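Q: I would like a close look at one part of this model, followed outward into the parts that surround it. Please take the place where the chains meet as the starting point.

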Amino acid sequence: MLFSVILFFLAILGAPLFAVIATSAMLGFSNLETDLMTMALELLSIAQMPFLAAIPLFTFAGYLLSESNAPKRLVRLTNAVLGWMPGGLALVCLSACAFFTAFTGASGVTIIALGAILYPALKQDGYSDSFNLGLVTSSGSLGLLFAPSLPLILYGVVASVQIDDLFLAGVLPGLVMLVMLSGWSIWVNRHNRKPLSDFSWREVGGALREAAWELPLPVVVLGGIYSGFFAVSEAAAITALYVFFVEVVVHREIGVRELPRVIRESMVLVGGILIILGVSLASTNYMIEAEIPQKLLALVAEFVSSQTSFLILLLIFLLILGAILDIFSAIVLVVPLILPIAAGFGVDEVHLGIVFLAAMQLGYLTPPVGLNLFIASYRFNKSIMDVYSATFPFLMILLLSVILITFWPELSLIFVAGH
Amino acid sequence: MKDTLARLEAAGRFVESAALVVLLGSMILLSVAQIVLRQLFDGSLVWADELIKIIVLWLAMVGSIAAARDNRHIRIDLLSHIMPPGMVMLARVTVDMFAAAVCAVIAWQAWRYLQLEIEFGETVLVSKPAWIAHIIVPAAFLIICYRFLVDSALEFRRFLTRAKARSDK
C-alpha cells in the first residue's frame, strides 16, 4: 500500500510512465513470489505479437506525409470540394484534419501540420478567433476512429480483436463526430454572411491533379485489406513504401538527407509506445495471476446490474482516465482489465474498442493534461486558459457524440460481420 | 573532457539514428518482398515473418533509447504546470533517478534471462541462438539507465546554478 502511494506520487511528479508501470508489475511479482526474470520474458513478447509491425510502418508513413506538402494539397482539395458551402472552411478544417489524423495516428502532428495552414485561413475568412482556436484544437484528434489510425491498431493488438473489424466499426461513429461538429460549426457561423466562394470544376480538377499521387492511398490501405490481398501489417508496409516513393522520389519534398531525422522522430514515438506496451504486458500478467479482473468484476457487479448502468459507469471512468493518461498508455494498461468485465455485461469487444477510443479522444481536450490543448497553446501562442475556453463548446459536442456512440452499439457493429 | 563528452553524445545519436534507418528499411523491404513472393510466385521466405517480429522488438528498444535521449518518454506530468520552477527541477532529479534505478533492475533481470537462454541453447529463426536476437533488451535498458542518470545529474546542476544565482542576487 505504501509502495503504491509512493509510486502514484512519482507518476504525477512526472516519472516516465513505463518505469512506474514496470515497478508496479515487479512489486506484484515479488508479492506472488514470481521470479523477476518474468519481466524480461514479458518484454520479449513484443517480438511475439501479430500485426505489431503495422505500428512503426504507419507511424513512419504518417510522419513523412506531415513533413511533405501533402497537408497543403489536402486542404486545397477539400477546399475546392467543400469551400462553397456556408461555413465551408470550417467543414474543410474538420474533414481534412479527420483524414489526416487517421493516417498520422493522432499524435498531435495534425495540429502542427494542418493547423498552421488552416488557422490563418479561417481568420482571413472572418471566423471569430475563439472559434478558430477551438475548431483547430479539437480537429487535431478527430479521425482517430478512422482506419488506419494507430490507436485502433493498438487496441486490436492488445484485445486480440480483428483489426479489420475495428476499421469497419470506426466508420459510422467517426462520421457521427464529424457531422455533429460540422453541424455546430455551421450553426455558430450562420450570421457570418461573407460572400461564398464559387464552386469551380476547374479548381477541383487542379486540386485533384496536384494530389493525384496521394489520392490512391486510402484505396491502397483499405482496398488491400478488405479484398484480402494483404494483411494489416502488409498494408502498412505498402503504405510506407508508397508514401516514401511519392514524397521523396516523385515530389522530392523531403530530401534523402532529411530522412534519418524523420525516421528517428517517428521511431521515438514508436519506442515510447512499445516500451509501455512491453511493461504493461507484465503488469497485466501479474493482475491476471492475482485474479484482479475477477475481483473488479465482482465489485462492479455489486453496484451495477444492467448493461446500461455498466456503460454509464464505464464512460465516467474513461473520461477521467482520458484526462490523466494519454491514449496509447491507457489502451495497453486498462483494456486488458476492463475487457473481461465488459464481457461479463455482454458488451461486444469491438464496440468496447470504439467506445474506449471515442472517450479517450476527449482526453486530448480535457484539462489538466490534454495534449492538443498544450500543442495548440504553444503553436498559436495563446494562453492555455484561452485554449481551454475556446475548445469547451467543441468538447461538449464531442461528449454528446461519445454518449451516442456508447449507447447505440449498432452504430459500431452494423458493418462488422458476425454481429 | 567536455569535447570528449560532446563527441560521445554526437556519436551515440548517430548510431541510434543509423540503426533506426537500417531496421525500418529492412522491415519495409522484407514485408514487401513477402507480398511479392506470395502474389506472384506463390512462395514465401519461411523465416521472414519471425525476423520482422524481431525487428519490431529492436525498433522498440532502439526507439526507446532515442526517446530517452530526446526526452520524449511518455510522462503524466500533472504538477509541473503548477509547481514553482525550483521544485519542478528537484522533482525531475528525483523521478529520473527513480527511472534509472528501475531500468537497472530490468537490465539485470533481462541479463539473467539471457544467460538461461544461452544455457538451454534456445534458438530463433530455425537455428540461430536466441540470445543474439534478445541481447538488445538488457543492452537498451542499460543505456536508458545511463541516460536517466546523466539527465538527473544535469538537472541537479541546473538547480544548483539557479540556486546560486538567486542567492547572489
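How much area is buried between chain A and chain B, and what percentage of that area do carbon and sulfur atoms give?

A: This is a predicted model, and what follows should be read with that in mind. The area buried between chain A and chain B is about 5100 Å², and carbon and sulfur atoms give 79% of that area. The size of an interface is often given as the accessible area lost when the parts come together. In terms of residues, 60 from chain A are in contact with 56 from chain B. On the side of chain A, A:Met37, A:Leu44 and A:Arg264 supply 14% of the area that this chain buries against chain B, which is more than any other three residues supply. Charged pairs are also found here, since 4 salt bridges cross the interface of chain A and chain B. A:Asp35 forms a salt bridge with B:Arg112, and the closest N and O atoms of this pair are 3.0 Å apart.

From the interface one can turn to the nonpolar interior. The largest nonpolar core has 201 residues, and those with the most contacts inside it are A:Phe18, A:Phe310, A:Phe356 and B:Phe141. Helix H15 of chain A, which runs over residues 259-289, gives the largest share of this core, with 16 residues. Apart from this core lies another one, of 5 residues, including B:Ile54, B:Val124, B:Ala130 and B:Ala133. Within chain A, and not counting residues up to four places away in sequence, A:Phe310 touches A:Val300, A:Val304, A:Ile341, A:Ala342, A:Phe345 and A:Val347.

Helix H8 of chain A, residues 129-139, is mostly covered, with 9 of its 11 residues buried. Among the buried residues of H8(A) are A:Phe131, A:Leu133, A:Gly134, A:Thr137 and A:Ser138. The cover over the buried residues of this helix includes helix H6 (88-104), helix H7 (109-124), helix H11 (171-188), helix H20 (371-379) and H21, which belong to chain A. A:Thr391, in helix H21 of chain A, gives a view of this packing from the other side. Leaving aside its neighbours within four places in sequence, A:Thr391 is in contact with A:Gly134, A:Thr137 and A:Ser138, and also with A:Leu365 and A:Leu373. A:Thr391 counts as buried because its relative accessibility is 2%, and the cut-off for that class is under 20%.

Helix H21 also has a residue of another class, A:Ile403, which counts as partly exposed because its relative accessibility is 36%. A:Ile403 belongs to a nonpolar surface patch of about 510 Å², made together with A:Ile312, A:Ile316, A:Ile320, A:Ile324 and A:Phe407. Two elements of chain A give two or more residues to this patch, namely helix H17 (307-324) and helix H21 (384-407). The largest share, 4 residues, comes from H17(A). An α-helix has 3.6 residues a turn, so residues three or four places apart point the same way.

A last residue to consider is A:Gly363, which lies in helix H19 of chain A, residues 349-363. A:Gly363 is buried because its relative accessible area is 8%. With neighbours within four places in sequence left aside, A:Gly363 is in contact with A:Gly322, A:Ala323, A:Gly370 and A:Leu371. The C-alpha atoms of A:Gly363 and A:Leu315 are separated by 12 Å, and the two residues are 48 residues apart along the chain.

Technical notes
Residues numbered from 1 in each chain as written. Chains lettered and ligands numbered in written order. Predicted model: local features only at pLDDT ≥ 70, side-chain atom pairs only at ≥ 80, totals over all residues. Heavy atoms only, no water. Patch = residues over 30% accessible without salt bridge, like charges linked within 9 Å, V, L, I, M, F, W, Y side chains within 5 Å. Areas by Shrake-Rupley, 256 points an atom, 1.4 Å probe, with all protein chains shown as cover. Salt bridge = Lys/Arg side-chain N within 4 Å of Asp/Glu carboxyl O. Buried < 20%, exposed > 50% of the residue type's maximum accessible area, 1.4 Å probe, protein only. Contact = heavy atoms within 4.5 Å. Core = buried A, V, L, I, M, F, W, Y, C linked by side-chain atoms within 4.5 Å. Buried area = accessible area lost by both parts, 1.4 Å probe.
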